[in-house]
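Subject: Structure for your review

Dear colleague,

Please find the structure below, together with its sequence. My notes on it follow, and I would be grateful if you read them with the model open.

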Amino acid sequence: MIALTLAEVAAATGGELADGADPQVLVTGPLAIDSRKAAPGGLFAAFRGEHVDGHDYAERAVLAGAVAVLAERPVGVPAVLVADVQVAMGRLAQAVADRATEARVVALTGSAGKTSTKDLIAQLLTRLGPTVYTEGSLNNELGFPMTATRVEPDTRHLVLEMGARHKGDIAYLCSLARPSIGLVLNVGSAHLGEFGSKEGIAEAKGELVESLTEDGTAILNADDPLVRAMAGRTRARVVTFGEGSGADVRAQDVRLDSTGRPSFTLTTLAGSAPVQLRLYGEHHVSNALAAAAVAMELGLSVDDTAAALGEAGALSRWRMEVVDRADGVTVVNDAYNANPESMRAALRALATMGGRGPERRRTWAVLGEMRELGEESFDEHDAIGRLAVRLDVTKLVAVGGREAACMELGARNEGSWGEESVLVSDADAAVELLRGQLRPGDVVLVKASRSVGLEKVAEALLADGAAR
């Protein structure tokens, strides 16, 4: 973090020093809300959650090296007392970002693919200079400040993923670290229950491009009509990406190899270059184009961008992680999260990995609930079950309650699968089923919303493979 004295932290957050906090002590380490992650020279934010009160762990954080605590009440160790810890975290992030005068802020949002695209952007921009980026999916009002406060004097790029559950969320995050480049990936069905319609989601996502100034750049998905229309909501220069001929940064000759990894020709006004991705699934072509548009806007050449894309991997866990067991079973762990768009993309990737003809591998789709879909939930789950049939997935294992049952019923109604689809109650039941039926060469996809916890299935299957 750019060094601040505790006096400067107090001034930035509107707080007061307490319990012997020395105003001249420097905060040089990261901001943390988990005392187990408190670092020497850092600052611990005593956030009160639904089940845990960070104030109870203040002393532990200081013992771990934190120089002080952001707190709402005295905690017996050096502290900056504030009215609201969450608000104070945002103000601190703003203060640090304002001091990072050499850093270009890149912000991105979208209904699907945010984290994968953010990881690609970070790997490309590292070629141009020191880059700080959101870890995992820490993209809300808590995670965002923890990323923004990690900038240092030599940071050249700050890449910030932005999520939204309510209108105004993205506008608020943009006020903390004003982006010079704003990227909108897509408008899908994630959080449909919260926003009511895709148009409502687009309204919220578009807050990003509205925050840009005239000297900024809005990078928009030309293949998504709701995103493309955001060009009318920004003062910034607009750059588009997509597979259509009208996009400024586009993909031509898209192909998938036998493992489901895409290749394409990256085509821009400045030239073209071949790209072979290490990531799995055709949906990563759009993510790669978005990352390429950002990198080239910041000065990376077409050839260097293509080379960097070919070397980039997945930095965040449980997103199309592909592991081959010793017995030949392939486990695809995509269990971090799910919405209709990402579920369809994962199923198509699974079908590609299974192959065709006499060498075709058996494919298993172990799928759980997609949450926060509102009134569209049952229809969307039914559609996913039907898609599994149309893609000729060998067996669907639907895990969970009503939504999973709707998915499994959709599969039956689409193809009269009978024993080729099954409903099980939970992750343990899915593991038991798979252990009894998997055979060498099979490909297993595991995917659901994060709160369902289906990563347990993938982890159990990989542990079985390691034990062989």
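I begin with V27, which counts as buried, at 0% relative accessibility. This residue belongs to strand β3. Please bear in mind throughout that the model is predicted.

Setting aside neighbours within four places in sequence, V27 is in contact with M1, I2, A3, L4, L6, V9, G41, G42, L43 and V67. For M1, the separation from V27 is 26 residues in sequence, while the C-alpha atoms are 7.7 Å apart in space.

A second buried strand residue is V159, likewise listed at 0% relative accessibility. V159 is found in strand β10, which covers residues 157–161. Apart from neighbours within four places in sequence, its contacts are V106, L108, K118, I121, L125, T131, V132, Y133, T134 and T147. R255 is absent from that list; R255 is 96 residues from V159 in sequence and 29 Å away in space, C-alpha to C-alpha.

Two helix pairs

The pair α14 and α15 comprises residues 377–390 and residues 402–415 respectively. These helices pack at an angle of about 45°, and their axes are 7 Å apart. Because angles of 35 to 65 degrees fall outside the parallel and perpendicular classes, α14 is oblique to α15. Their crossing is right-handed.

On the α14 side, the residues that meet α15 are S377, F378, H381, D382, I384, G385, R386, V389 and R390. On the α15 side, they are R402, E403, C406, M407, G410, A411, N413, E414 and G415. Sorted by class, this contact has six nonpolar, six polar and six charged residues.

Within this pair, G410 may merit a look on your screen. G410 lies in helix α15 and is buried, with a relative accessible area of 0%. Neighbours within four places in sequence aside, G410 is in contact with D382, G385 and R386, and these three residues are among those of α14 that meet α15. F378, by comparison, stands 32 residues from G410 in sequence and 9.8 Å from it in space, C-alpha to C-alpha.

The other pair is α3 (residues 85–99) with α6 (residues 169–176). Here too the packing angle is about 45°, and the axes are 8 Å apart; α3 and α6 are therefore oblique to each other. From α3, the residues taking part are Q86, G90, A93, Q94 and A97, and from α6 they are Y172, S175 and L176. By class, the contact of α3 with α6 divides into four nonpolar, four polar and no charged residues.

Two helices with buried residues

Helix α11 runs over residues 284–297 and has 14 residues. From its first C-alpha to its last, α11 reaches 20 Å, close to the 20 Å expected at 1.5 Å a residue. Twelve of its 14 residues are buried, so α11 is largely enclosed by the rest of the structure. The buried residues are H284, V285, N287, A288, L289, A290, A291, A292, A293, V294, A295 and M296. Just after this helix, G299 takes a positive phi of about 115°.

In helix α8 (residues 198–205), the buried residues are G200, I201, A202, A204 and K205. Their cover includes the strands β8 (104–109) and β11 (181–184). It also includes the helices α6, α7 (192–195), α9 (207–210) and α10 (225–228). Helix α6 thus appears both in the cover of α8 and in the packing with α3.

Two loop residues with positive phi

D19 has a phi near 55°, a positive value in a residue other than glycine. D19 sits in the loop between β2 (16–18) and β3 (26–27). With a relative accessible area of 38%, D19 is partly exposed.

M320 also has a positive phi, near 50°, and is likewise a residue other than glycine. Its place is the loop between α12 (302–311) and β17 (321–324). M320 is buried, with a relative accessible area of 8%, whereas D19 is partly exposed.

With kind regards

Technical notes:
Residues are numbered from 1 along each chain as its sequence is written. This is a predicted model: local features need pLDDT of at least 70, side-chain atom pairs count only at pLDDT 80 or more; totals for chains, interfaces and linings use all residues. Side-chain values use heavy atoms; hydrogens and water are left out. Axes are lines fitted to C-alpha atoms, for helices over the stretch in contact, and angles run from 0 to 180 degrees between N-to-C directions. Helices (H or I, at least four residues) and strands (E, at least two) are DSSP runs, numbered from the N terminus. Angles under 35 degrees count as roughly parallel, over 145 as roughly antiparallel, 65 to 115 as roughly perpendicular and the rest as oblique. A crossing is left-handed if the near helix is turned anticlockwise from the far one by less than a right angle, and right-handed if clockwise. Contact means heavy atoms within 4.5 Å. Ala, Val, Leu, Ile, Met, Phe, Trp, Tyr, Cys and Pro count as nonpolar, Asp, Glu, Lys and Arg as charged, and the others, Gly among them, as polar. The expected span of a helix is 1.5 Å times one less than its number of residues. Buried means under 20% relative accessible area, exposed over 50%, partly exposed in between (1.4 Å probe, protein chains only).
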